[in-house]
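Q: I have a model with a bound ligand. How should I read its surroundings?

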Amino acid sequence: MKITEILKNKEKTISFEVFPPKTTEGYEGIFQKAKEIAALGPDFMSVTYGAGGGTSAFTAGLSHDLMAESGVPVIAHLTCVSSTKETVRETIEVYREKGIKNIMALRGDIPEGGAVPHEYAHASELVRELKENGDFCIGGACYPEGHVESENKKEDLKHLKEKVDAGADFLTTQMFFDNGVFYNFLYRAREAGITVPILPGIMPVTTKKQLGRSVAMSGTMVPPRFSAIVDCFGDDPKAMEQAGIVYAADQIIDLFANDVTHVHVYSMNKPEVAFGILNILRGIL
Ligand code: FAD
C-alpha cells in the first residue's frame, strides 16, 4: 500500500525506521529485530540505504522480506549522489521487481573527499526520475533547522519546494528535540506553498554516545531540558534508555495534541525502544 493512502485513511499513524546490515552474516539478526518491530503493528516501516555500497545492497531485500513476512507496508530509501544514473536505474528496477511501491528519494551525504560520480547533484533529480519511471509513492527529506550545507533556511525551503514540485508526495523531517522548531518549520513550509504531508521524525536517544554522534552529523539543537536529562542519566544505561523513551513519547504526545498526527520514529533496530514508546502511547493511539 502507498504511504500517502495510509496517511489519508488513518487519523493517527506511527511508523518506525530500521537500517539494513552491513554484511550477509548480519542479515538474519537484523531481520529478526525488524520483524519484532513490525509485530508491534506500526502503520508502516522504513528501511534506510547506505550512501554508497555497504548497507545499500540489503535495502531492497530487507524491505521485500519484511513486507512478505509481516504484511507491514514498507518504504525503501534510495540515495543518488554516490551512484551513476545506470546504477540508480538498475536499483529502481530491483525495487520494482521486489514489489516496493514506496521510495524515500534522497541525495545522500557527500563522502569525505567528495569523490562522487557527479551524475546527480540534488534529491529533486532522483524524485523526477522516479516519477517518470513508475507509479511510486515518493518521500523526501526535510530539515526544520535547515540542512547543514544550506546557506540559510529560506534557501533550503526554496529547494524543498522544488523537490515537492518535482514529485515528492510527502516529507519526513530530520530529528529535532524541541517541538517548537518543528511547528515553526511547518508554518514556514505551508507559507512557502508546500502542501504535502510533513511527518516529524522523532529520534529516541537512549545512549549518551548516540546523542553526540547524531548531533555532530546533523547540527540539531539540544534544548537545555534534554541536555540536563543526558547530563543526569547519560552514564547509567538503563536510566538513559528509559529517559530517552519517555522524552520521545512526550514529544509525540505534544505533536498529537497540536494536530500533528502522523509521526515517524527513528527506532534504529531497537524493538525494546519501539515497544517502550507504544506502551506509553497505548491509550492515545
Ligand atoms: P537534497 O534535497 O538534495 O538537499 C541537500 C542540500 O542541497 C540542501 O542544503 C538543499 O538546500 C540543497 N539543494 C537542493 N536543491 C538545490 C538546488 N537546486 N540548488 C542548490 N542547492 C540545492 N542518508 C543516507 O545515506 N541514507 C538514508 O537512508 C537516509 N535517510 C534519510 C531520511 C530522512 C528522513 C532524512 C531527513 C535524512 C536521511 N538521510 C539518509 C540523510 C540525507 O541523505 C542527508 O541529509 C543529505 O545530506 C541530504 O539529502 P537530501 O535528500 O535532503 O538532499
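The turns below take the ligand shell and then one helix residue.

A: Start with the status of the model: it is predicted. Then list the residues around the ligand.

Q: How many residues surround the ligand, and which are the closest?

A: A residue is counted when one of its heavy atoms lies within 4 Å of the ligand. Here 22 residues surround the ligand, and the closest are Tyr49, Asp109, Tyr143, Asp156 and Lys163. By class, the shell holds seven nonpolar, ten polar and five charged residues.

Q: Which polar side-chain and backbone atoms should I look at?

A: Look for pairs of N or O atoms within 3.5 Å. Two oxygen-side cases come up: a backbone N or O atom of Arg107 is 2.8 Å from a ligand oxygen atom, and a side-chain N or O atom of His147 is 2.9 Å from an oxygen atom of the ligand. On the nitrogen side, a polar atom in the side chain of Glu162 lies 3.4 Å from a ligand nitrogen atom.

Q: How much of the ligand does the protein bury?

A: Compare the ligand alone with the ligand in place. Alone, the ligand exposes 980 Å², and the protein buries 82% of that.

Q: Which elements give two or more residues to the shell?

A: They are β3 (74-79), α6 (153-166) and β6 (170-175). The most come from α6, which gives four residues.

Q: Is Ala68 buried or exposed?

A: Exposed means over 50% relative accessible area. Ala68, in helix α3 (residues 56-70), has a relative accessible area of 57%, so Ala68 is exposed. Between Ala68 and Gly99 there are 9.7 Å in space, C-alpha to C-alpha, and the two are 31 residues apart in sequence.

Notes: Residues are numbered from 1 along each chain as its sequence is written. This is a predicted model: local features need pLDDT of at least 70, side-chain atom pairs count only at pLDDT 80 or more; totals for chains, interfaces and linings use all residues. Side-chain values use heavy atoms; hydrogens and water are left out. A polar contact is a pair of N or O atoms within 3.5 Å; within protein, one must be able to donate a hydrogen and the other to accept it, and residues adjacent in sequence count only if both atoms are side-chain atoms. Accessible areas come from the Shrake-Rupley method with a 1.4 Å probe; for residues, only the protein chains shown count as cover. Ala, Val, Leu, Ile, Met, Phe, Trp, Tyr, Cys and Pro count as nonpolar, Asp, Glu, Lys and Arg as charged, and the others, Gly among them, as polar. Buried means under 20% relative accessible area, exposed over 50%, partly exposed in between (1.4 Å probe, protein chains only).
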